[in-house]
Amino acid sequence: MNIILLGPPGSGKGTQGEYLEKSLNIKRISTGDILRNEIEAGSEIGKTVQDIISKGYLVSDEIIMEIIGSNLVLEEYVNGFILDGFPRNLDQAKLLEALLEKLNKKISLVLFFAISDQVLIERICNRYYCAKCGASYNKIFKLPIVSDQCDVCGSKDFKVREDDNIESVSSRMQQYRAKTEPLALYYQNKDILRSINSDQAVDKISKDIEILVKNG
Ligand code: ADP
């Protein structure tokens with residue numbers, strides 16, 4: 001199955017993407033994660049995008065398509081893929097379509113994460129993650145079971161994403177509403193869009209997604 005996760009920052013695409021990776025045994029491509037790795041590694045791409053990302057603007061289509069193009073041809077995605085954070089505008093959606101046609105592949109399903117702005121801001125501004133294994137937490141909704149210790153790997157080293165502050169969040173929300181949200185209609189017209197109520201608890205969202213994926 002080839003799936004796109006579509007929704008605003010903080011709507012749970014990453015969490016549900018990880019869940020889907022396990023339940024469907026297909027891998028996720030997160031453009032945000034890839035870009036953050038480039039920044040961490042200090043690569044040329046990383047240097048180019050660092051400032052853009054911290055301000056909450058979109059990285060150029062050229063850089064994004066290079067990343068997607070070099071990933072989608074990899075052996076690990078032959079049985080399917082989950083796209084998280086891509087496409088983010090209409091041009092990217094069209095470029096993806098052209099690329100998939102060349103590879104003889106098609107998008108099977110677009111999961112649209114519908115959520116209210118208030119919930120989003122609370123989620124993003126309170127989230128943090130384990131610096132060692134990447135597991136995510138939230139000061140209000142999801143604290144580690146043992147305080148200050150990662151549930152997954154036991155590390156006590158936590159980090160906050162550089163762009164998870166109120167200024168960057170409002171700019172990311174604006175970019176999302178103007179450029180990314182219109183993709184919902186684009187995929188609805190192709191009859192592959194399915195909506196999820198993302199205001200709900202994580203487990204309930206996973207159950208809803210499971211049903212949608214089963215029914216296609
Ligand atoms: P979020 O969805 O929480 O904002 P992501 O991890 O998906 O975060 O992306 C972080 C940042 O990386 C974005 O704000 C943007 O600057 C950049 N980015 C990621 N994917 C794309 C994309 N497809 N097109 C342009 N910029 C992107």
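**Ligand contacts and helix packing**

Student: Why is the pair formed by Thr31 and the ligand called a polar contact?

Tutor: An N or O atom in the Thr31 side chain is 2.8 Å from a nitrogen atom of the ligand. A polar contact is a pair of N or O atoms within 3.5 Å (within protein, one must be able to donate a hydrogen and the other to accept it, and residues adjacent in sequence count only if both atoms are side-chain atoms), so the Thr31 pair qualifies. This is a predicted model, in which local features need pLDDT of at least 70 and side-chain atom pairs pLDDT 80 or more, while totals for chains, interfaces and linings use all residues. Residues are numbered from 1 along each chain as its sequence is written, and side-chain values use heavy atoms, without hydrogens and water.

Student: Which ligand atoms lie 3.1 Å from polar side-chain atoms of Arg88 and Arg161?

Tutor: For Arg88 the partner is a nitrogen atom of the ligand, and for Arg161 an oxygen atom.

Student: How many residues surround the ligand, and which are the closest?

Tutor: There are 19, the closest being Thr31, Arg36, Tyr57, Gln92 and Arg172. A residue counts as near if one of its heavy atoms lies within 4 Å of the molecule or strand in question.

Student: Why are α4 and α5 described as roughly parallel?

Tutor: Helix α4 (residues 61–72) and helix α5 (residues 90–102) have axes that cross at roughly 30° and come within 11 Å. Angles under 35 degrees count as roughly parallel, over 145 as roughly antiparallel, 65 to 115 as roughly perpendicular and the rest as oblique; α4 and α5 are therefore roughly parallel. Axes are lines fitted to C-alpha atoms, for helices over the stretch in contact, and the angles run from 0 to 180 degrees between N-to-C directions. Helices (H or I, at least four residues) and strands (E, at least two) are DSSP runs, numbered from the N terminus.

Student: What is the hand of the crossing of α4 and α5, and which residues make the contact?

Tutor: The crossing of α4 and α5 is right-handed. Asp61, Ile64, Met65, Ile68, Gly69 and Leu72 of α4 touch Asp91, Gln92, Leu95, Leu96, Leu99 and Leu100 of α5, where contact means heavy atoms within 4.5 Å.

Student: What makes α1 and α9 oblique?

Tutor: Helix α1 (residues 13–24) and helix α9 (residues 202–215) cross at roughly 50°, their axes coming within 11 Å. That angle falls in none of the named ranges, so α1 and α9 are oblique to each other. Their crossing is right-handed.

Student: How are α7 and α8 oriented, and why?

Tutor: The axes of α7 (residues 166–180) and α8 (residues 182–189) are 5 Å apart, at an angle of about 30°. The two helices are therefore roughly parallel. Tyr176, Arg177, Ala178, Lys179 and Thr180 of α7 meet Pro182, Leu183 and Ala184 of α8.

Student: Which kind of peptide bond joins Phe86 and Pro87?

Tutor: A cis bond, with omega about -5°. Pro87 sits in the loop between β3 (81–84) and α5.

Student: What is the phi of Asn104, and where is this residue?

Tutor: Phi is near 60°, a positive value in a residue other than glycine. Asn104 belongs to the loop between α5 and β4 (109–114). Most residues other than glycine have a negative phi, and most peptide bonds are trans.

Notes: A crossing is left-handed if the near helix is turned anticlockwise from the far one by less than a right angle, and right-handed if clockwise.
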